[in-house]
Amino acid sequence: MTTYSGDQAGANLTLANGDVLSGDITNVGFFYVPVGVTVSVPTFSGSTGGKSRVFCKYALIGGTVDAREKGYGGGGAGGGGASAHTGSVDNQFPGGAGGSGEKGGSNGSAGGNVIGGVDYGRPGGNGGNGGGPYGGPAGGGGSGGTRCATHGGDGGNGGKGGYKSSQANGDSSTDEDVDLGGGGGGGGGGGGAGMWCGSGQWGNGGAGGGAGAEGGGAFAVFAQFSLVVTGSILTSGGATGGNGSIPPGTPNGSGAAGGSATSAGSRAGAAGTTCGDGWYSGDGGDGGVGAGGGVLLVCPGPWGIIVSGTIDTRGGNSDTSNFGSLKIFGVDGKVDLTGATIYAGWNSSYGTPYNPKNKQFKQACC
């Protein structure tokens, strides 16, 4: 595996599986990603990474440039609230743990604890906001259950990340730049159950929420003479898993821990538990999906831009409302998208217009 970055002194680059494209890669002769080869962009660290720009004479992308989930991080999950209990033991049946934000996302709040014996559950903690200027909003914590009356409330789901706008694509720019996708907001923790009447038993702690998903990274190619994409450029945002139903359980228990940002399934909030007479603790809210990151293709000619492969800038779970923008800037009449599969924002199917920008060039004269 080789990481490419900085000035290449006019060399041709033929990429191999596992190679990494980091930051600006300048002064390249022929930039070539062969068929069957997958290269990636480094994950955004909270301050660097997540984006790469290649400046070359010629470009042919026959394999895959993978910048999926490389953008701004998701918000942390909120912790579940503790359940009611008797006695003097503090926080005897605690809620499930939440989680910290990552790569620019905010941490979730801890759920409320029970100090000594009380007969009502405590509310869950709020999730954290997603990373980036347009990170998804956090889900609120669920309410605590009351004695003999209500169960613990479910935590709210985190909102999806956005691109140039809150939870959507609001890009109308025509500059030669693209951005990272915003991270999803963290889900709120579920509220703890109240006292189970007439039995001397108490419910369970609320379940922790799910972490928000990462936004997509960004990728750009500036080619002087020709730019061909027969493979794939992928900058989609991270997905989240579904929230489970409340399983059967026994009273006097702690809540389930919430999800982390390590995989799509674990970004879902955990499920609460029910006691014998129907009192139950609240579910944790799911983390929000990440927004897609942008793709930029620029070539002033004379052979232009040909795209017959796939470009996918959608948000997580194939969301078409928070995609990253696709910009293709080429000479009028020298941009050919015949046969391309494009999941992005340049056509009427997804709501943001194609942004052409006529580049002028002159042939060498005698």
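Of the 366 residues in the protein chain, 52% count as buried. The model is predicted. Its accessible surface comes to about 13,600 Å², and carbon and sulfur atoms hold 49% of that area. The secondary structure has 16 strands and zero helices. Among contacts with a separation of 6 or more, 74% join residues 24 or more positions apart.

Start inside. The largest nonpolar core has 33 residues. Phe-31, Ile-61, Phe-219, Leu-227 and Leu-297 touch the most other members. Several elements give two or more residues to this core, including β3 (20-33), β5 (51-61) and β9 (218-229). β11 (295-299), β12 (304-307) and β14 (326-330) do so too. Apart from this core lies another, of ten residues. Tyr-163, Ala-218, Leu-296 and Val-298 are among them.

Now take Phe-219. Beyond its neighbours within four places in sequence, Phe-219 is in contact with residues including Leu-21, Phe-31, Val-54, Ile-61, Val-178 and Val-295.

Next come the charged side chains. Side chains of opposite charge can pair when their charged atoms come close. The whole structure holds nine salt bridges. In one of them, Arg-53 pairs with Asp-24, with the closest N and O atoms 2.8 Å apart. Arg-53 sits in strand β5 and Asp-24 in strand β3, 29 residues apart. Both ends are partly exposed: Arg-53 has a relative accessible area of 24%, and Asp-24 has 33%.

Glu-214 and Lys-103 also meet in a salt bridge, at 3.9 Å from N to O. Glu-214 lies in the loop between β8 (201-202) and β9, and Lys-103 in the loop between β6 and β7, so the pair ties together parts 111 residues apart in sequence. Glu-214 is buried, with a relative accessible area of 6%. Lys-103 is buried as well, at 16%. Glu-102 joins Lys-103 and Glu-214 in a network of salt bridges. Elsewhere, Asp-312 and Arg-314 form a salt bridge at 3.0 Å, N to O. Asp-312 and Arg-314 are both buried.

Which buried residue has no salt bridge? Asp-171 is such a case. The nearest side chain of opposite charge, Lys-327, is 4.3 Å away, so the pair misses the 4 Å limit for a salt bridge. The Asp-171 side chain does make a polar contact with the side chain of Ser-173, at 2.7 Å. Asp-171 lies in the loop between β6 (64-66) and β7 (195-196).

Asp-119 has its place in the loop between β6 and β7. Asp-119 is partly exposed, with a relative accessible area of 27%. Asp-119 and Thr-146 are 27 residues apart in sequence, but 7.1 Å apart in space, C-alpha to C-alpha. Leaving aside neighbours within four places, Asp-119 is in contact with Ala-84, Thr-146, Arg-147, Gly-194 and Met-195.

Methods. Residues are numbered from 1 along each chain as its sequence is written. This is a predicted model: local features need pLDDT of at least 70, side-chain atom pairs count only at pLDDT 80 or more; totals for chains, interfaces and linings use all residues. Side-chain values use heavy atoms; hydrogens and water are left out. A nonpolar core is a set of buried Ala, Val, Leu, Ile, Met, Phe, Trp, Tyr and Cys residues joined through side-chain atoms within 4.5 Å. Buried means under 20% relative accessible area, exposed over 50%, partly exposed in between (1.4 Å probe, protein chains only). Helices (H or I, at least four residues) and strands (E, at least two) are DSSP runs, numbered from the N terminus. Contact means heavy atoms within 4.5 Å. Accessible areas come from the Shrake-Rupley method with a 1.4 Å probe; for residues, only the protein chains shown count as cover. Lys and Arg count as positive and Asp and Glu as negative; His and the chain ends are not counted. A polar contact is a pair of N or O atoms within 3.5 Å; within protein, one must be able to donate a hydrogen and the other to accept it, and residues adjacent in sequence count only if both atoms are side-chain atoms.
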